[in-house]
Amino acid sequence: MTDSAGPAARDPLAPFDDDIVAAVAERTDTDPDRLRELLRRHQQSARDFPGVDNLVYEWRKYLPYDPVVARTDEAFHCVVLPEVWADFADTVDIDDADFERLLAVHDRQARRAAEDRGESTEPFDGATPMLLTRE
């Protein structure tokens, strides 16, 4: 759908499965809607600074490795340095418990998506996965 402002923005939660969000929420004793809001805030911060495509481009240019494990129509599936995640946590102003919730959702979703594509989950072992919804 388009309008005078251009194409409609993709739902920031498009790459996240409801059952994964619900499972992490239950395991961490939080409300699934609250966890979805945290995920939205994280995705919006990537869109706001400096945009998902630009952010991924910068990571590819400056990180000592290619952070993109997969690129789908919905999202970039990345592995990033813990410092990158910490910067996002500071930007969206979340506490340690919410930070761990976000990490858990991204980790589970990245692994499921890799399995669904018939790919190895090995790139996520010992790493910090991050899915960024494409705009």
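**Exercise 1. Locate aspartate 29 and decide whether the residue is buried or exposed.**

Solution. Aspartate 29 is found in the loop that connects α1 and α2. The structure is a predicted model, and the backbone of aspartate 29 has a positive phi of about 55 degrees although the residue is not a glycine. The relative accessible area of aspartate 29 is 73%. The cut-off for an exposed residue is over 50%; therefore aspartate 29 is classed as exposed.

**Exercise 2. Carry out the assignment for aspartate 93: in which loop does the residue lie, and is it buried or exposed?**

Solution. Aspartate 93 belongs to the loop between α4 and α5. Its phi is positive, about 55 degrees, and aspartate 93 is not a glycine. For background, most residues other than glycine have a negative phi. With a relative accessibility of 66%, aspartate 93 counts as exposed.

**Exercise 3. Identify the residues joined by a cis peptide bond.**

Solution. The bond lies between phenylalanine 49 and proline 50, and its omega is about -20 degrees. Proline 50 is placed in the loop between α2 and α3. As a general reference, most peptide bonds are trans.

**Exercise 4. Describe the environment of histidine 42: is the residue buried or exposed, and which residues is it in contact with, apart from neighbours within four places in sequence?**

Solution. Begin with the secondary structure: histidine 42 is part of helix α2, which covers residues 32-48. Next, take the accessibility. The relative accessible area of histidine 42 is 1%, and the limit for buried is under 20%, so histidine 42 is buried. Then consider polar contacts: the side chains of histidine 42 and glutamine 43 form one at 3.4 Å. Finally, with neighbours within four places in sequence set aside, histidine 42 is in contact with Trp85, Phe88, Val92, Leu102, His106, Met130, Leu131 and Leu132.

**Exercise 5. Which members of the largest nonpolar core touch the most other members, and which element gives the most to this core?**

Solution. The core comprises 37 residues, of which Trp59, Trp85, Phe88, Val105, Met130 and Leu132 touch the most other members. At least two core residues come from each of α1 (18-27), α2, α3 (52-62), β4 (75-80), α4 (82-91), α5 (96-116) and β5 (128-133). The greatest contribution is that of α5, with seven residues. For Leu132, the contacts beyond four places in sequence include His42, Ala46, Val52, Leu55, Trp59 and Phe76.

Key. Residues are numbered from 1 along each chain as its sequence is written. This is a predicted model: local features need pLDDT of at least 70, side-chain atom pairs count only at pLDDT 80 or more; totals for chains, interfaces and linings use all residues. Side-chain values use heavy atoms; hydrogens and water are left out. Helices (H or I, at least four residues) and strands (E, at least two) are DSSP runs, numbered from the N terminus. Buried means under 20% relative accessible area, exposed over 50%, partly exposed in between (1.4 Å probe, protein chains only). A polar contact is a pair of N or O atoms within 3.5 Å; within protein, one must be able to donate a hydrogen and the other to accept it, and residues adjacent in sequence count only if both atoms are side-chain atoms. Contact means heavy atoms within 4.5 Å. A nonpolar core is a set of buried Ala, Val, Leu, Ile, Met, Phe, Trp, Tyr and Cys residues joined through side-chain atoms within 4.5 Å.
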